[in-house]
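Good morning, and thank you for coming. I should like to take you through the enclosed spaces of one structure, and then through two of its residues.

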Amino acid sequence: MMRALARSAAARAVEVPASTLALAALAGVLAIAPLLARLGPESYILSLLTRAMILAIAVVSLDLLVGYGALVSLGHAAFLGIGAYAVAILSSHGIADVLAHLVVAVAAAALFAAATGSVSLKASGVYYIMSTLAFGQMLFFLAVSLSAYGGDDGITLPGRSLLLGLRAFASDIGFYYVVLAALLGAYALIRSIVASRFGRVLRGVRENPVRMQAIGFAPFPYQLAACIIAGAMCAVAGVLLANQTEFVSPAYMTWQRSVELLAMVILGGLGTLHGPILGAIVFVLLEEALSGLTEHWKLIFAPLLVLVVLEGKGGLVGLVTRLRGGCNG
């Protein structure tokens, strides 16, 4: 019996969470994707997967707000636009270094998140949602009015950003792996935040804000900090998106794009982090496949999203968990 207990204890010690295994498998597939892409239209596949991973960074940041803070935002794409316009504006003035782009993008997004969050968080429920929508649209119309930077037509970049004077992003494959590393770094950062004392308080506020106040934790500072972190990370995704497309327009920050980001979170699974990454990739692939069939592809996608949410009770992650439980049973 002692040997059995020892083996059981050892098994528990080496047991790896299913979420970690799922993310490792997904990262492995993405890592070898450029090799498999050589069997088909390589540039097309790389471009599609790179875009999916960039949006996944934005979606992971949104999951911190929605999944762990219960702060549903319809203006999150504004931060994507801030990052993209940081690249466009600085590049048009001859500042092409990506480090400068990142510093300006993160600082601008953090300031915007602090300013708008301090106002929006005074409301709750649908009033909070509508205030995020209003601030997002405000930034959208500001971008439209920037005639010096293309206005509504957008602006084409002179090229991808430089890294310390080197054309580190020039290669599509090299840029692909930069984006993959950024995605894994974003996941690790948000995962560590969620597992920290800050994350536990944020989840406590989500479950019962009155109880958290009663034990001495004011919800506002934690929620505002979450807004700033999520906004800054989404701006990093905007910097990468601008470099991938080498074009920036106000369309990056429309409320429709914010709804798409929210749909990716719901599709993958709220409050899981690895789920939204999968949701972003599946969303982009479905969008590409369905848009080839009809321009009204969203009429097909919407019922699929509802079906996954209802059947999985937790997006794709919940659906997979349910199927595994059924197979084990």
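**Cavities and two residues**

Helix H5 contributes the most to the lining of the largest cavity, with five residues. Before going further, please bear in mind that this is a predicted model.

How many cavities of 30 Å³ or more does the structure hold? There are two. I shall take them in turn.

The largest cavity encloses about 160 Å³ of space. Its lining comprises 17 residues, and those nearest the centre are Ser-73, Phe-79, Thr-116, Tyr-128 and Thr-132. Helix H5, which spans 98–120, is one of the elements that give two or more residues to this lining; the others are helix H4 (77–92), helix H6 (126–144) and H10. What is the character of the residues in this lining, by class? Nine are polar and eight are nonpolar, while no charged residue takes part.

The second largest cavity has a volume of about 30 Å³. Its lining is formed by Leu-23, Leu-26, Ala-27, Leu-30, Leu-183, Leu-184 and Ile-277. Two helices, H2 (18–37) and H7 (172–195), each supply at least two of the lining residues. Of these, H2 provides the largest share of the lining, namely four residues. By class, this lining has seven nonpolar residues, with no polar and no charged ones. To set the two linings side by side: nine polar residues occur in that of the largest cavity, and no polar residues in that of the second largest.

I turn now to helix H10, which we have already met in the lining of the largest cavity. This helix covers residues 219–245, and Gln-223 lies within it. Is Gln-223 buried or exposed? Its relative accessibility is 14%, so Gln-223 counts as buried, the cut-off being under 20%. Which residues does Gln-223 contact, once its neighbours within four places in sequence are left aside? They are Leu-71, Leu-121, Leu-202 and Val-205.

Let us finish with helix H8, which runs over residues 197–207 and includes Glu-207. Here the accessibility is of another kind: Glu-207 has a relative accessible area of 58%, and because the cut-off is over 50%, this residue is classed as exposed. Glu-207 also offers a distance across the sequence. Its C-alpha atom is separated by 9.4 Å from that of Tyr-68, although the two residues are 139 residues apart along the chain.

In closing, I would return to the pair of residues: Gln-223 is buried, whereas Glu-207 is exposed. Thank you for your attention.

Conventions: Residues are numbered from 1 along each chain as its sequence is written. This is a predicted model: local features need pLDDT of at least 70, side-chain atom pairs count only at pLDDT 80 or more; totals for chains, interfaces and linings use all residues. Side-chain values use heavy atoms; hydrogens and water are left out. Buried means under 20% relative accessible area, exposed over 50%, partly exposed in between (1.4 Å probe, protein chains only). Contact means heavy atoms within 4.5 Å. On a 1 Å grid over the protein atoms alone, a cavity is a set of points where a 1.4 Å probe fits but cannot get out, and a pocket is an open set with protein on both sides within 12 Å along at least five of seven lines; lining residues have an atom within 4 Å of a point. Grid points are joined across faces, edges and corners, and a volume is the space filled by probe spheres set on the points. Ala, Val, Leu, Ile, Met, Phe, Trp, Tyr, Cys and Pro count as nonpolar, Asp, Glu, Lys and Arg as charged, and the others, Gly among them, as polar.
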